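Biologist: Could you walk me through this one before I set anything up? I'd like to begin with how covered the strands are, and then get to the metal and the ligand.

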Amino acid sequence: MAEASPQRTDVNELGEFGLIEHLTKQRPETTQHASTIKSIGDDAAVIDQGDALTVVSTDMLVEGIHFDLMYTPLKHLGYKSVVVNLSDIYAMNAQPEQITVSIAISNRFSVEALEELYDGIYTACRYYGVDLVGGDMTSSPRGMVISVTAIGKGTREKLTYRNTAKVGDLLCVTGNLGAAYLGLQILEREKQLYLSNPGIQPDLEDQDFLVGRQLKPEARRDMIELFAKNQLVPTAMIDISDGLASEIFHLCQQSGTGAFVEESGVPIHPDAELMALKFQLDPITCALSGGEDYELLFTIDPADVDKVKYLPDIYIMGEMTRPEDGIKLHTKGGNIHPIKAQGWRHFGGGA
Ligand code: ADP
Ligand code: MG
């Protein structure tokens with residue numbers, strides 16, 4: 001038995017990002033190869049292969065933390081676990097080509113159940129044009145854990161990082177925000193009702209859009225292709241997994257800027273707006289802190305504004321400001337509020 005260590009720091013004291021930084025920074029051996037162009041800190045790592053650049057990203061989904069099998073069909077789970085990884089590759093303005101899938105399962109899962117999971121995985125592979133090339137399979141005492149690694153290809157001219165936004169750049173997003181979070185609220189509400197009265201039928205209130213945004217998100221490959229077609233290279237980019245506020249915070253922190261966001265410029269679907277009010281939530285709070293939207297948040301040089309102005313599904317919602325101006329929201333009511341850095345939620349939060 002090891003002796004009890006004299007000091008014990010709770011992981012919650014550092015939070016997810018603080019912990020990653022604590023464990024990996026100030027290690028001289030972090031980068032031993034000149035081919036490691038981008039290491040920890042972005043949506044994906046970037047490796048120089050001479051002609052092409054390889055882009056790699058991993059995400060792990062844990063039952064009970066990231067998904068609940070009471071309302072998540074395994075097929076959707078398989079699909080989503082691929083999509084969330086591909087989203088990180090697109091967030092580098094790169095194209096995913098391969099994935100590996102590692103799963104830990106207990107004997108609670110039948111072969112038929114796992115076939116469902118893999119139907120979802122292969123459906124996503126087909127739709128996004130990626131190959132499943134390997135992985136690992138192991139047992140777990142109870143729940144299911146799925147870890148997907150996505151490998152993609154990019155070019156030096158197009159790869160887009162988090163730390164390259166400039167003061168004056170326009171802040172844009174590829175689609176509406178907050179809906180996935182509200183879909184989750186509906187599913188959670190129905191689960192609680194079911195647990196208190198198993199005879200009850202779920203009432204999803206015809207909220208296909210919101211529930212769909214939660215259970216079957218898509219990654220914005222179409223946007224990467226649209227950028228290429230219009231010869232647009234964003235100055236910085238990140239995908240929205242933890243929530244708009246958290247991702248703006250990452251862009252600003254890494255680029256050394258502030259940001260000014262117009263609440264009226266933040267796209268929120270009318271269904272999300274209505275459902276937020278039903279749950280007595282502020283729609284903008286759902287957009288800022290909800291997460292799992294898997295839209296792309298990016299900045300452009302204002303000289304490129306004509307390239308995005310008339311494109312469908314691109315919303316300009318603010319601009320990057322000097323770092324001393326902080327991260328601010330200009331509300332519809334005319335007030336200016338600081339946006340709080342989210343994503344530093346308790347350990348075990350978002351993917
Ligand atoms: P995303 O939300 O885009 O998936 P994360 O917030 O999970 O990104 O991770 C932020 C950065 O930290 C990424 O570059 C990721 O590769 C890196 N990272 C996450 N967990 C670890 C870990 N356990 N060890 C080393 N690097 C990590
Ligand atoms: Mg990401």
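Modeller: A residue counts as buried when its relative accessible area is under 20%. This is a predicted model, and in it strand β5 (residues 131-139) is hardly covered, since the count of buried residues among its nine residues is zero.

Biologist: Which strand does β5 pair with, and in what sense?

Modeller: Strand β4 (residues 95-105) pairs with β5 in the parallel sense over eight bridges, and I105 stands opposite S139 in β5. Together with helix α3 (residues 111-128), β4 and β5 make a right-handed β-α-β unit.

Biologist: Switching to the magnesium ion (ligand 2), what are its protein donors?

Modeller: They are D43 (OD), D88 (OD) and D239 (OD), lying 2.0 to 2.1 Å from the ion. D43 lies in the loop between β1 (36-38) and β2 (45-48), while D88 is in helix α2 (residues 74-90), so the pair ties together parts that are 45 residues apart in sequence.

Biologist: Are D43 and D88 buried or exposed?

Modeller: D43 is buried, with a relative accessible area of 6%, and D88 is buried as well, at 8%.

Biologist: And ligand 1, which residues come nearest?

Modeller: Of the 13 residues around ligand 1, those are F17, G41, D42, D43 and D88. An oxygen atom of the ligand is 2.8 Å from a polar backbone atom of D42, and a polar side-chain atom of D88 lies 3.0 Å from an oxygen atom of ligand 1. Taken alone, ligand 1 exposes 560 Å², of which the protein buries 65%.

Biologist: Which helix gives the most to that shell?

Modeller: Helix α1 (residues 15-24) does, with four residues.

Methods. Residues numbered from 1 in each chain as written. Chains lettered and ligands numbered in written order. Predicted model: local features only at pLDDT ≥ 70, side-chain atom pairs only at ≥ 80, totals over all residues. Heavy atoms only, no water. Donors = N, O, S within 2.8 Å, 3.2 Å for Na, K, Ca; no water. Helix = DSSP H or I, 4+ residues; strand = E, 2+ residues; numbered from the N terminus. Buried < 20%, exposed > 50% of the residue type's maximum accessible area, 1.4 Å probe, protein only. Pairing = 2+ DSSP bridges. Right-handed = clockwise from strand over helix to strand, strands pointing away. Near = heavy atom within 4 Å. Polar contact = N/O pair within 3.5 Å; in protein donor to acceptor, adjacent residues only side chain to side chain. Areas by Shrake-Rupley, 256 points an atom, 1.4 Å probe, with all protein chains shown as cover.
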